[in-house]
Amino acid sequence: MAPNALQGSSTTIVLFRNSREFVRELKLSKFIGIMQPSFQEHKLLLAANVRRKHYTHVPFHEYAHYIIRSRLERPAPRWLEEGLAQYFSTLKLLGTGQASVGAVDRRRVLVSFLETKQNKWEDILDFDIIHSDAEDLRVQYDAAWALVHYLVHGIPATNEEHPFDRINALLERANSGENAISAYMSIAQMDEKALDNTLYDYLTVDQPEIRFAFDGAGVSVQENDCLDLVDRYMLLADSLAEFNVDRAHYILARLNRLRPNNYAVLAALSEVTRSDAELSKGYADQAYRLNPDVAETNVTKASALIRLCVELQDSSCNTLLSDAQKLYRRALQIDHLRVDAAFGLGILYLNEGRAGDAKNYLRVAHKHAPWSARVNFHLGETYRQLGDYEKASIYMRIAKHWETDEKRLEGMRDILALVEKELAKEL
């Protein structure tokens with residue numbers, strides 16, 4: 001069965017005029033599209049490219065990431081998510097009430113497959129898209145695309161089975177802690193060597209697309225007024241902050257001079273200067289003084305207080321963390337959909353040793369962000385403190401699979417080893 005859609009998640013598209021502008025602003029030379037996930041609102045950052053024959057591929061690819069992150073109640077391994085995004089990027093509206101999906105650039109994928117034929121699938125697919133040093137990730141994308149395409153199209157379905165049921169089965173097994181590549185081989189009922197030979201034969205023959213009815217007659221698009229100056233530059237700065245923090249800081253500082261005493265601008269400045277705890281707290285304090293009755297300023301100030309505590313590591317931490325708890329609780333009273341406040345409150349309770357209270361808030365965060373390594377890790381740590389090592393191991397394995405920061409990953413491995421040691425005692 002299809003997973004239930006999660007309520008409260010939305011997306012914003014930020015369109016750059018061309019690929020040159022996209023690369024210059026984001027300092028990312030190997031992409032022309034990015035999906036930025038978050039607790040509150042996902043963003044699709046895209047370079048306009050209407051001259052290319054397949055100009056819808058990148059938007060549909062990134063939109064598929066949004067659907068996977070916002071609609072699935074369980075995360076997909078990174079390679080599987082990229083393979084699914086490649087697959088759904090082939091969506092075509094046929095103009096006759098019909099749509100199709102599943103076309104594959106057979107020759108391109110076959111060339112990539114032949115380039116990696118002697119490598120283990122684990123080595124090919126275990127890659128970090130954003131932080132990889134490689135400028136050309138075509139081979140990894142194509143390998144993931146080929147695996148997804150074969151799982152959907154290459155195995156005959158029974159009368160009771162939809163081809164996408166196999167994707168759901170793979171997700172279920174991966175989220176129970178099983179290695180995703182091993183689970184794939186089991187579902188495909190073959191080992192790596194057999195899969196290599198089968199895929200080669202599969203990719204030498206054209207495969208039929210899946211066609212389905214598409215009725216857009218009753219679809220309407222809500223018209224919104226253009227963004228004002230503050231909203232426009234706030235959105236741009238927020239989009240750039242993860243990739244080009246200096247540029248984001250410059251935009252917000254200039255905006256602050258043009259529109260002084262704007263609490264939203266000051267709150268954004270607090271986030272973009274987070275590496276300087278004192279400066280970040282100063283901006284957060286200003287934003288809070290201007291408007292303490294919105295969730296944004298409460299969350300921003302709470303986060304700034306926690307960062308200051310981490311930097312100072314002295315007796316003031318007790319007061320700082322106590323104040324942060326109050327601010328997070330206040331934010332949730334103002335807006336119960338502030339999942340970032342629930343996550344922050346869960347971590348604070350966990351650090352106090354109040355695992356039972358922490359679990360309630362971290363489960364809320366996990367419902368909205370099952371793909372987040374940090375959420376899975378802290379939820380796993382909660383279950384570890386509660387003595388439920390089986391659940392702890394599941395969430396921590398997912399966290400380990402998704403984490404890209406090497407320092408955090410090392411700590412996750414150490415704690416997961418302790419959990420697995422306790423599990424072994426129970427057997």
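Which handedness does the crossing of helix 16 and helix 18 have? In this predicted model, the crossing of helix 16 and helix 18 is left-handed. Two packed helices are described by the angle between their axes and the distance between the axes. For helix 16 (residues 339–351) and helix 18 (residues 373–385), the angle is about 35° and the axes lie 11 Å apart. On the side of helix 16, the contact is made by F343, I347 and L350, which meet R374, V375, H378, E381, T382 and Q385 of helix 18. The residues of this contact comprise four nonpolar, three polar and two charged ones.

Two residues of helix 17 were examined individually. Helix 17 spans residues 355–368 and includes H366, and K359 is likewise placed in helix 17. With a relative accessible area of 13%, H366 is buried. When residues up to four places away in sequence are not counted, H366 touches V375, N376, L379 and Y395. K359, at 26% relative accessibility, counts as partly exposed; the value falls between the 20% limit for buried residues and the 50% limit for exposed ones. Apart from its neighbours within four places in sequence, K359 is in contact with T382, Y383 and L386. The C-alpha atom of K359 is separated by 9.3 Å from that of I347, and the two residues are 12 positions apart along the chain. I347 is also one of the helix 16 residues that meet helix 18, and T382, a contact of K359, belongs to the helix 18 side of that contact.

A second helix pair is formed by helix 6 (residues 138–154) and helix 8 (residues 180–188), whose axes come within 11 Å and cross at roughly 30°. Helix 6 is therefore roughly parallel to helix 8, and the crossing of this pair is left-handed. The contact brings L147, Y150 and L151 of helix 6 against Y184, I187 and A188 of helix 8. By class, the contact consists of six nonpolar residues, with no polar and no charged ones.

The surroundings of helix 8 extend beyond this pairing. Seven of the nine residues of helix 8 are buried, so helix 8 is largely enclosed by the rest of the structure. The buried residues are A180, I181, A183, Y184, M185, I187 and A188. Helix 6 is one of the elements against which they pack; the others are helix 3 (78–88), helix 5 (121–125), helix 7 (165–175) and helix 9 (192–203). Y184, I187 and A188 thus appear both among the buried residues and in the contact with helix 6.

Among the strands, strand 2 (33–36) and strand 3 (residues 42–47) run antiparallel and are joined by four bridges. The two strands form a hairpin, with five residues between them. Within the pairing, G33 stands opposite L46 of strand 3. In a regular strand the side chains alternate between the two faces of the sheet. In strand 2, G33 and M35 point one way while I34 and Q36 point the other way, and all are buried.

A separate description applies to an open sheet of three strands, which has the order 4-5-6 and antiparallel pairing. Strand 4 (92–93) and strand 6 (210–213) stand at the edges; each has a single partner strand, so one side of each is left without a neighbour in the sheet. Strand 5 (residues 98–101) pairs with strand 6 in the antiparallel sense over four bridges. In strand 6, R211 is the residue that stands opposite S100.

Positive phi values were found at two loop residues other than glycine. At K27, phi is near 55°; K27 lies in the loop between helix 1 (19–26) and strand 2. At Q313, phi is near 50°, and Q313 occupies the loop between helix 14 (295–312) and helix 15 (317–334). K27 is exposed, with a relative accessible area of 58%, and Q313 is exposed as well, with a value of 61%.

Note on methods. Residues numbered from 1 in each chain as written. Predicted model: local features only at pLDDT ≥ 70, side-chain atom pairs only at ≥ 80, totals over all residues. Heavy atoms only, no water. Pairing = 2+ DSSP bridges. Axes fitted to C-alpha atoms, helices over the stretch in contact; angles between N-to-C directions. Parallel < 35°, antiparallel > 145°, perpendicular 65-115°, else oblique. Left-handed = near helix turned anticlockwise from the far one by under 90°. Contact = heavy atoms within 4.5 Å. Nonpolar A, V, L, I, M, F, W, Y, C, P; charged D, E, K, R; others polar. Buried < 20%, exposed > 50% of the residue type's maximum accessible area, 1.4 Å probe, protein only.
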